[in-house]
Structures are given as C-alpha cells and as structure tokens.
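Hi everyone, thanks for making time. I have one structure to walk you through today, and I'd like to start on the inside and work outwards.

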Amino acid sequence: MKQIIRLIIIALLVTSAQLSAQIKLDSIHISGWYIGTMDQVLDKIGKEKGIVFKFNREAAKAINIDSPPFERSVESFVKYVICNGNKLKYYINKDDGAVYIISQWEKLAENNVKKAEVYKNIISKTDFNLSGTVVDGDSHESLPFVNVVIKGTSNGTSTNVDGYFTLLKVPTDTSSITFSYIGYKPKIVHLTPNFPIRKTVIELEPNTELLSEVVVMADKQDLLQTNEKVGMIKMTPLKMNTLPSLGEKDIFRTFQLMPGISAANENSSGLYVRGGTPDQSLVLYDGIPIYNVQHLFGFFSAFNSNAIKDIQLYKGGFDAKYGGRLSSVVEITGKDGNQKNFSTTAELSLMSANAFIETPIGKKITFLVAGRRSWQSPLYNLIYKQATSQSSATSGANNSSMPNPLGGRSPNTTSATSYFYDLNSKITYRPTQKDIISFSLYNGKDDLSNDFSPNIGGGPGGGGFSQLNTSNTDLTSWGNTGISMKWSRNWTNRLYANTLISYSDYYNDRTRTNKGHYYNSSSTLVSINSGSQENNRLEDYSAKIDLEYKLTNNNLFCFGLDHTFNNVKYSYIQNDTTTILNKDNKGTLSALYLQDKITFMKSKLEVSPGLRANYYSLTNQRYYEPRLTTSYNINKQFKLKGSAGKYYQFAKKVTREDIMQGNREFWMLSDGSQMPISSSVQYVAGVAYETKNYLFDMEAYYKRLDNISEYSIRFDQQVGGGPEMMSSNVTTTTNYENRFYSGKGYSRGIDFLLQKKYGNYTGWIGYTISETINNFDAFGGYDYYASNDVTNEFKVVNSFKWHNWDFSANWIFASGKPYTSPEGIYQLTLPDGTVKQYFNASIKNGNRLPDYHRLDIAATYNFKISELYPCTLNFSVFNLYNRKNVWYREFEIVESEVVRTDVNYLGILPNLNFSIKF
C-alpha cells in the first residue's frame, strides 16, 4: 500500500512538473528589445527566465530577429516572433520540460518516445550538400548563372552554363534557399527532411513585368547590386524589342548603350571596348569562336536574339579560361529548346522576317531552329544605299588625268541586289541525369552586288564618248559558319566537366573591276582595266575541356586544356596583274589554364588568381598570362573591385590604310616576324554603391598595348616630303609583302554608370572619358590618336511602362573621331613621260570629325490574340531629329585641288516590328 502511495505521489509530482513547465510559458512575461540571430535571442531569454530551449543552432544562426520592446508572454514571443514567418513550430517535451523548436513539417514524437530520439529526428540532416538544376518554369530550359544563396547567410553559389549547381554545407534540412536570376521572379525554397538533396529541379517563373526594359545584371542577382566581377555585364534578350533599334533588335547594339563600349559606330555592330577594336573581342556562341559578328556592312549584328538564352560580357579582367584576345569577351549561350511543348515564334519587320521553332522529341531530346532573312523593303534599300555610297562614289575611273567615263558624265544603270540571312540550330540529348550532349550550328551570310553599266553618249570624233565591251563588277560576300559538339557531365557533386570540339569558317571576298573600251574626244580608242580583288578566309578547329571542382563553398577551382589550329589566307590583287599581298599561314595554339576563386571574411573578400600558359607553333615559344581579379564588400552597399592581367592575341585583324577612300581590315595570323604577337597589360580599379533601387558604379582602367599591326603602301604611292614621307623615288618593283608595320599604344579612361533598376520608370546614365594613343615608328615615331579614339561619350537610356505599353528613349553624344587627310597636291613626271598627281598626308590622325549625337525613341504595345497568343507591336524612330553625323570623309583630286566629301551616317529612320508566339 505504501508503495502504491509512493508511486501516486511520484506521478503527481511528475505531472505537476510537466504542468508547471506548460504554465511557465504562459505566465512568464518579457518586455526587452531582442535583436540578433535566433540562437542569440533564445539564449538571452533562457538565461533571463530560466527556460531551456532546444533547437538547431546552425540553422538558428541564419534567422535574424528584431523584436521591439513591449510586454508579452514567452509563449506569444516564441509563437509569433520565432515560429511564424520562419516555417517553425514548438512543443514542450514532457520528459525534461525543455522547449523544442523544430520545422513546421516535423511530426511530434509520441509521448512514449524518449527525448534523445525526438532530438535525433529533428536534426536528421545537417552540414549536407544540395545539388540540382534550375530551369525555366514554362519551357524547362536550363538557366545558367543563377544565384543560389542560403537565406540570411553569405553561403551561396551559382549555376554553371548548363544550369547545374552544388551548394555545400547546408546547415540543416529546414534551411531556406533563395534562387534569383535576371528576368525571373526570385524563389525561396524551404527545405524539409523529405526534400530531395540530389538531382533536385528548381523552376523559376519568368517575370515579364520586371523586364519591361533590358536590365543590366549586377553583383548579387537577388538584389541587383554591384557587378559580380569587375567589368562584367549580364543581360537577357527578353523584351529587347522595347528599346529603339536601327531596324532589328540587336544584342550588340544594346551593349553599346553601356559606358566603356562605344556607340558612335552606326556602321559597326562590333564592340569597341575601352579603346579596343572589334577583333580584340572574343565572341563565343555555344563555344564556337565567331569571327564575323555583323550584317549589312556592320549596321546589324549577326546574332538572332530569339535563339539566345544568356549573354555575358567582360569589359576587362576576364578569367584565365578565355584566351586569344586583348580587350574583352562576349560569351553567348544559345537556347536548348522547350522540354515541355512545341513552341514557335514569328516576327516581321521592315528589315527582315524571323522564325523560331522549338520542340521536345521524346523525353530526352530537344530541338531548336531559328532563321532570319532580310527582304528589300524601302527601309532596307535606304540602309543599303547608305552602306554602298562609297562604292558608287569610287568605283569609277582610277585615272584622274582623263574624264570619268564610268561614273560622271552620264547617269549609270545600276543593278543592285543584296540580302543577308542567319540560321541557328541546336539538338540537345540528355541520356542520363548526369550527362548533356548538344550539337549547335551557326551560319550567317551576306551577299551584296552593286554592278552597274555606264551610259556614255556620243561616238568617235563627235566630242562625246562611246562605250564598247564594258564589264563593271562590284561583288561582296562574307559570312561565318560554325558547328560545335559539347558533352557536359556531372561526375560528382563537386566535379563538373565540359568537353567541346568546334569548327568555325570565316570568309570575306570582294571583287571590284572595270573593264572595257571607249573612244575619247579625239576618237582614240582607250582601254580600261582597273579594279581590285580581295579575299580573306580563316578556319578555326578547336578542342577544349573545362573542369571545375568545388573544394568548399568558399573555394571553386577551375582548370582546363585548349587546343586550336588556324588556317588563314589573304590575297589582295590590283588591276588583275599586280599582287599586292598574298598570305597563307597555318599555326596551332595550345593552352593550359588554372583559376581559383576564393572567398574570405564571410564572403566579404573575394580573390581569383589565374594563370594561362600558351604554346604557339609559328614562333615555337611559350607565352604566360597571369590574371588576378578581386573584390571587397565594405558593407551591403559599398564594394571595391579591381583586376590586373596580361593578354596575348595570335589571330588578329590588320588595318590596311587607305587615306583617300577609308581604311580596310583583314584577318591575319601572327608569325612573330612581319606580324609579331600582340599583347596587352591591363589594370582596372572600381567602386560601386548600390541600394535596392539604384546603382552607382565607377571603374578606371589603363591598358598598355604592344605589337599592334597596320598595313600601308602609302610610302610607295607618294613622294615629295611631308611629315610622314619616307621614300624619295617611285619604283615599279616594290615588295609589298614588307609593308607591315608594328607599333605600340595605350588606352586609359573612367566609366561611370548611374542606374535606376526598379519601378515603372527605369534606365541609366553612362559616361566615359578616355584616351587611346598609338605610336608607330614607320609613321614618324610620335604619339597620335588611334582611329577609334573617342574622348567623351555620354548616354541616357530611359524606359517607362504604362499598362500594356512600353516607352523608351535613348540619347547618345560622342566626341568626333580622328582621321588623316591629304594636304597638298603636286605633279610628277615619271620616266615613261606620264604625269601623275600625288598628295602629302597630314599628321597621322591629326584631324577630328564633328561630334556625334542622336536621339532614338520607341513604343511597344503588348497584347494577346484570343487570349492565347502573346504579341508585341513595336514602333521606333532612329535619329529622331535627323542629325547629319559624319561617317568618314572622302578626298578626290579635281583640277589639282583636294576636294573633300562628307559621307554621312543615316538620317531619320522609322521602323515597325510585329511578333507573335504560338
């Protein structure tokens, strides 16, 4: 009986203790201001009130608490401040009276389960690795470079080019992970014990309202803060048609609206980045090196934005995995194709027709094809006429001692035809969840014919001209074809590999000939045989492997091999008989690179050292390229950044100087003698300040250039003194192969960017002040401004969203570019008795064109047909106030005087574009 009474008393005491524990939370009140992480706040309350809290400390460190001071019960505090909003719940353990805080998805242990078993269940997974892919929620297209961060911490990573990510050391299976990507709504994923931690698939929803303008990506993709890397810009092609355009929505033209990238080049969609030339920019499309990036003499880029998923541009300080260029890198990732449904888009503008088709084939294959072709609308013909005005002006006589029978006295009958097209296609095969195999094709071509037939009146002896047996040809064709095959494999959660082989074929051919006979005013039969033929071809065979190994969340180690074989040919022939230049070079370039990205001080400091080692067969030498980029986050708003590195270029475009009619360019392979290896050393330093709505970014740069090349025959065409004359005799036997000249130079400047990122009104202001200087011993050995030097460039980009409308306006101002002009004319009698006229040239680039400026506007209406088919109708006006900007200046000798003619860029130009998606 006594034992029974004792048991009853013990039971009552235990029950009383348990009840007292329950009553304790209800009855104990707190009134302080509790600020800090969850573990700090609960430890403080526990110490003050004698309560024992049990929770996962690693997870608690990721949750911030900020509770204002007013009186409340501990139960209310735990329930509404700690648990609500953090996907948590609590219960009081009946064995020890402790307050357990767990995930809201956890099941409470049965009453007879011991405390240790309950706690073990709560922390079933800690410090684990989370891996998977991030895809578009509509098409299941993988999304590259998505930012992945554990909420409330600096622990994060990003997806690779195939959308794959590995996040190491996730503290608990109740953590919250934030996924953010430009153009998509941020997504927070709350982990649970049953959440798949391997091969998980995260779907992001496109945010069309956010992308009412082209948004420039910044450092932290979730908050749109400072640039992720120094000099880097990320951009999406979505909604690009809301910006004013020259007839086509254009990714390269959009980049030209950013500071540090010149926009005063209507005739070139190539990128002039921080004093560099377009050939100094490495352009990769699905790993394929693209050597021709423009259509219609440069007025449009050669890339169809409908086939593009992501674009990254490095204005400098690019990683060691990229080589072979001095200035910048543009990495374009093409779409894989819709994995869910058949989809097609059709577009029609005043310039071209554009079609895009994507579809799944079974469960493991996707297919995509996109094509674009121009049509000779009035707008197209206007631009074509502008682009070929030089041909019309100069394709006539080349002998100033006679009247021009081919271009001047009577109108000519011209039969001008032209077109351009580009084609993109891709097949992606996913045999397993670890492997992706893709085949990518790019093909772009331009054909231009400006043939004409002179109409010469009169006949022999009649004081007029009679044309016989004439043949006048002006044909230009250029393009680029590229194919690649890539195999991506996720070997482990830490090791990812991309293996790629590619082939790229670039060509540029031009034939301009004038052949025939005519009778002059003295009834003498005169023969004509003039003109030129220029052919350039570059073949690129490449194989490479890129590997990345994630040592820790704070250390990503990348390494790889790259091997390229180039075959480059160039020939330049005048008058069918004189070979000015004939080059045929072959060479291989092999490279090994190492790159390590390390973060310190809770991700405040990031350092990325790298080294690229090259071996070049034509010189039998090694070339080393050390690289370093770094950034330091002073706080959430301020960031310091910088980079330094050395860069080599082996295949490059050479400028063929033509003072009278404008310079030309052609691709050549450096041989170490006539054409030395070009190199540059670059330094960049910058600061950025960013809030949720605004970004201010400033970067200063200095770039030293060595062994830049130019080709000129000016010294064999003119005599008689002048600041740049070198020869004193005209010779008929000249070795034109030796007319390559090498020099050095530098570029320096500061880029400023002020951007408003969110809201119905968005846009940015960009300003660059810079100086680009060259020095060639052959041209006098003095410093002169490079042809692409622009001292001041100012850009204002505005976009406003109102209901279904998007309105935008851009204004651009740029200082005039330098040029060389003829200054004096004299005559010289040659040994055969022929009298020729020659000119003296000014100081190299000693003159400036007038300043450049223009205003572009656009309006886009977004609507649906039958609530099923999204459509856009875009109207834009280029150069609204019809500014007559000078493209270049031509010079002719007329009656012993130099006559200057300004060749202008386009005037006011309207455009209309309609797009529908099925």
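**Inside the cavity**

Let me begin with strand E29, which contributes four residues to the lining of the largest cavity, more than any other element. Before going on, please keep in mind that this is a predicted model.

So, what volume does the largest cavity have? The computed value is about 340 Å³. Searching the whole structure turns up 12 cavities of 30 Å³ or more.

Who sits around that space? The lining of the largest cavity is made of 24 residues. Those nearest its centre are Leu 282, Gly 323, Asp 540, Asp 562 and Thr 564. If you want to find the walls on your screen, look for strand E16 (281–285), strand E29 (525–552), strand E30 (555–574) and strand E31 (578–600), the elements that each supply two or more lining residues.

For those of you thinking about the chemistry of the wall, the lining splits into nine nonpolar, eight polar and seven charged residues. And which domains provide the lining? At least three residues come from domain 3 (224–334), and at least three from domain 4 (343–516 + 525–715 + 737–917).

Now for two backbone details that you may like to check in your own viewer. One is Asp 286, in the loop between E16 and strand E17 (288–289). Its phi is near 50°, a positive value, and this residue is not a glycine. Is Asp 286 buried or exposed? Asp 286 counts as buried because its relative accessibility is 13%, and the cut-off for buried is under 20%.

The other is Asn 707, which also is not a glycine and has a positive phi of about 60°. Asn 707 belongs to a strand, E38 (residues 694–711). With a relative accessible area of 30%, Asn 707 is partly exposed.

Let me zoom out to the whole protein. How many helices and strands are there? The secondary structure consists of eight helices and 52 strands. The protein has 918 residues, and 54% of them count as buried. For the contact-map fans: take the contacts between residues at least 6 apart in sequence, and 65% of them link residues at least 24 apart. Finally, the accessible surface is about 39100 Å², with 55% of that belonging to carbon and sulfur atoms.

That's my tour, and I'm happy to go back to any part of it.

Notes
Residues numbered from 1 in each chain as written. Predicted model: local features only at pLDDT ≥ 70, side-chain atom pairs only at ≥ 80, totals over all residues. Heavy atoms only, no water. 1 Å grid on protein atoms, 1.4 Å probe; cavity = no way out; pocket = protein on both sides within 12 Å on 5 of 7 lines; lining within 4 Å. Points joined across faces, edges and corners; volume = space filled by probe spheres on them. Nonpolar A, V, L, I, M, F, W, Y, C, P; charged D, E, K, R; others polar. Domains from an automatic or database assignment. Buried < 20%, exposed > 50% of the residue type's maximum accessible area, 1.4 Å probe, protein only. Contact = heavy atoms within 4.5 Å. Areas by Shrake-Rupley, 256 points an atom, 1.4 Å probe, with all protein chains shown as cover.
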